[in-house]
Amino acid sequence: MIGRMTRRTVSGVFVGAAGWLAAACGASSGQSAAPSNVGVPSASGGGATGGATGFVNPNLVVSVDWLKQNVKAANVRVVDARSAADYEKGHIPGAVSLPVAETFDPTLDKNYPDTKEKLEALFGAKGIGDSLRVITYDGGNGTDTTGSRLFWTLEYAGHPSVAVLDGGLKSWQAAAGEVSTEA
């Protein structure tokens, strides 16, 4: 499963998304690793993996159009980071539910990620392996940052290919993306 614990700087993509993200990225202070370029789009956008244009690291964000074309691809795992109750009300077809709170270490009061071993077991149980491109999303309402938090946790745990859906479920629905209630 996920074999290394590293941190990658994601500032420039989610600046201001939440105070914890800024603190977490700042905590790595120079320990960031260059993201893998396996299957990532060029800075000009789009590309084979759907990076959103205008971002410093376009491989960290995918567009709704790209996801619509790739949602059923065998090498893509779509992960809904919202609560289980919100997932049950409707989600992107084929998405697995992984409420971001399930990744927290319950012994700490600051929502820190759980241990490497527990994260690996959790991700494995959700069908998330190193060979998959993982796309996280949240409600996309501007105040819900669970998708970016789950993205950060996967990055923290060393997943080699993770991105966030630009605009979350709200943008997916605005683009006439199908919504399912099937688990």
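## N111: a positive phi in a loop

In this predicted model, N111 is partly exposed, with a relative accessible area of 40%. That value falls between the 20% limit for buried and the 50% limit for exposed, so the residue belongs to the middle class. N111 sits in the loop that links β3 (96–97) to α4. Its phi is near 60 degrees, and N111 is not a glycine. Most residues other than glycine have a negative phi.

## A176: a positive phi after α6

A176 also has a positive phi, about 60 degrees, although it is not a glycine. This residue lies in the segment after α6 (168–174). A176 counts as exposed, at 66% relative accessibility. The cut-off for that class is over 50%.

## Fold and surface

The protein chain holds six helices and five strands. What order do the elements take from the N terminus on? The run is α-β-α-β-α-β-α-β-α-β-α.

Many contacts span long stretches of sequence. Take the contacts between residues at least 6 apart in sequence: 66% of them join residues at least 24 apart. The protein chain has 183 residues, and 47% of them count as buried. Its accessible surface comes to about 8,600 Å². Carbon and sulfur atoms account for 51% of that surface.

## The largest nonpolar core

The largest nonpolar core has 20 residues. Which of them have the most contacts inside it? They are V79, L98, F123, I128, L150 and L154. Three elements each supply at least two residues of this core: α4 (116–125), α5 (146–156) and β5 (162–165). The biggest share comes from α5, which gives five residues.

L98 shows how the core is joined up. Leaving out residues up to four places away in sequence, L98 touches V79, D80, A81, L122, F123, K126, I128 and L150. Among these partners, V79, F123, I128 and L150 are also on the list of residues with the most contacts inside the core.

## A second core

A separate, second core has 16 residues. Its members include V71, I92, A95 and I135.

## In brief

The chain carries two separate nonpolar cores, one of 20 residues and a second of 16. Within the larger one, α5 is the top contributor. Two residues other than glycine have a positive phi: N111 and A176. N111 is in a loop before α4, whereas A176 follows α6. N111 is partly exposed; A176 is exposed.

Definitions and conventions: Residues are numbered from 1 along each chain as its sequence is written. This is a predicted model: local features need pLDDT of at least 70, side-chain atom pairs count only at pLDDT 80 or more; totals for chains, interfaces and linings use all residues. Side-chain values use heavy atoms; hydrogens and water are left out. Helices (H or I, at least four residues) and strands (E, at least two) are DSSP runs, numbered from the N terminus. Buried means under 20% relative accessible area, exposed over 50%, partly exposed in between (1.4 Å probe, protein chains only). Contact means heavy atoms within 4.5 Å. Accessible areas come from the Shrake-Rupley method with a 1.4 Å probe; for residues, only the protein chains shown count as cover. A nonpolar core is a set of buried Ala, Val, Leu, Ile, Met, Phe, Trp, Tyr and Cys residues joined through side-chain atoms within 4.5 Å.
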